[in-house]
Amino acid sequence: MPSVSRRARWILAILAGLVALAALAGFLFVRHPIAVFEGLGRLTLQSAGLARHETAGPRRRLVWWIGGSGPVVLLLHGANDSAAGWARVAKPLARRHRLVI
């Protein structure tokens with residue numbers, strides 16, 4: 001039986017790592033879908049150039065995101081939602097507007 005080359009072992013190790021990472025991501029999504037969605041939304045808002053700010057509120061912490069330049073656009077989310085809901089439109093809007101989410 002021919003031996004497996006060093007390159008093939010590296011490829012197999014990388015593929016095994018990717019499969020393990022995908023399994024972990026799937027497990028986390030099944031166990032905590034809202035937290036995963038919010039985390040991806042935060043990454044998207046950061047990649048759009050927005051900066052996260054927070055302060056203590058009367059009942060819980062208040063978080064908002066600011067970024068972009070131009071006329072100010074205020075994006076509000078509904079009850080029991082988060083700024084992550086605006087993640088898909090934040091990057092195009094931030095090109096021409098100063099966003100407050």
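Here are some short exercises with worked solutions on the predicted model shown above.

**Exercise 1. Work out the order of helices and strands, and say how many of each there are.**

Start with the count: the protein has three helices and four strands. Now walk along the sequence, and the pattern comes out as α-α-β-β-β-α-β.

**Exercise 2. Compare the radius of gyration of the protein with that of a compact globule of 101 residues.**

Take the reference first: a compact globule of 101 residues would come in near 13 Å. The protein has 20 Å instead. Next, look at the box around the C-alpha atoms, which is roughly 70 × 35 × 20 Å along the principal axes. Then turn to the surface. About 8,100 Å² is exposed, with carbon and sulfur atoms supplying 64% of that. As for burial, 16% of the 101 residues count as buried. One last step deals with contacts: of those with a separation of 6 or more, 57% are between residues 24 or more positions apart.

**Exercise 3. Find the buried residues of α2 and decide whether they sit on the same side or on opposite sides of the helix.**

First, get the helix straight. α2 covers residues 33-47, so to speak 15 residues, and its first and last C-alpha atoms are 21 Å apart, close to the 21 Å expected at 1.5 Å a residue. Second, pick out the buried positions, which are G39, G41 and L45. Third, check where they point: these residues cover an arc of only 160 degrees around the axis, which puts them on the same side of α2. Fourth, ask what they pack against, and you land on β2 (61-68) and α3 (87-94). Just to finish off the helix, α2 is followed by G49, which has a positive phi near 90 degrees.

**Exercise 4. Trace how β2 pairs with β1 and with β4, and give the sense of each pairing.**

Begin with β1, residues 51-56. β1 pairs with β2 in the antiparallel sense, over six bridges. The two strands make a hairpin, with four residues between them. You can check the register by residue: A56 is opposite R61, and T55 is opposite L62. Now move to β4, residues 98-100, which runs antiparallel to β2 and is joined to it by three bridges. Here G67 has L99 as its bridge partner. Put together, β2 pairs with β1 and also with β4.

**Exercise 5. Is V63 buried, partly exposed or exposed, and which residues does it touch?**

Place the residue first: V63 lies in strand β2. Its relative accessibility is 33%, and since partly exposed runs from 20% to 50%, V63 counts as partly exposed. Setting aside residues up to four places away in sequence, V63 touches R52, H53, E54 and I101. Look at I101 in particular. V63 and I101 are 38 residues apart along the chain, yet their C-alpha atoms are separated by 8.7 Å.

**Exercise 6. Locate S82, then say whether it is buried or exposed and what it contacts.**

Step one: S82 is in the loop between β3 (72-74) and α3. Step two: its relative accessible area is 14%. The cut-off for buried is under 20%, so S82 is buried. Step three: leave aside neighbours within four places in sequence, and S82 is in contact with E38 and H77.

Note on methods
Residues numbered from 1 in each chain as written. Predicted model: local features only at pLDDT ≥ 70, side-chain atom pairs only at ≥ 80, totals over all residues. Heavy atoms only, no water. Rg over C-alpha atoms; globule rule 2.2 N^0.38 Å. Buried < 20%, exposed > 50% of the residue type's maximum accessible area, 1.4 Å probe, protein only. Contact = heavy atoms within 4.5 Å. Areas by Shrake-Rupley, 256 points an atom, 1.4 Å probe, with all protein chains shown as cover. Expected span 1.5 Å × (residues − 1). Arc of directions from axis to C-beta. Pairing = 2+ DSSP bridges.
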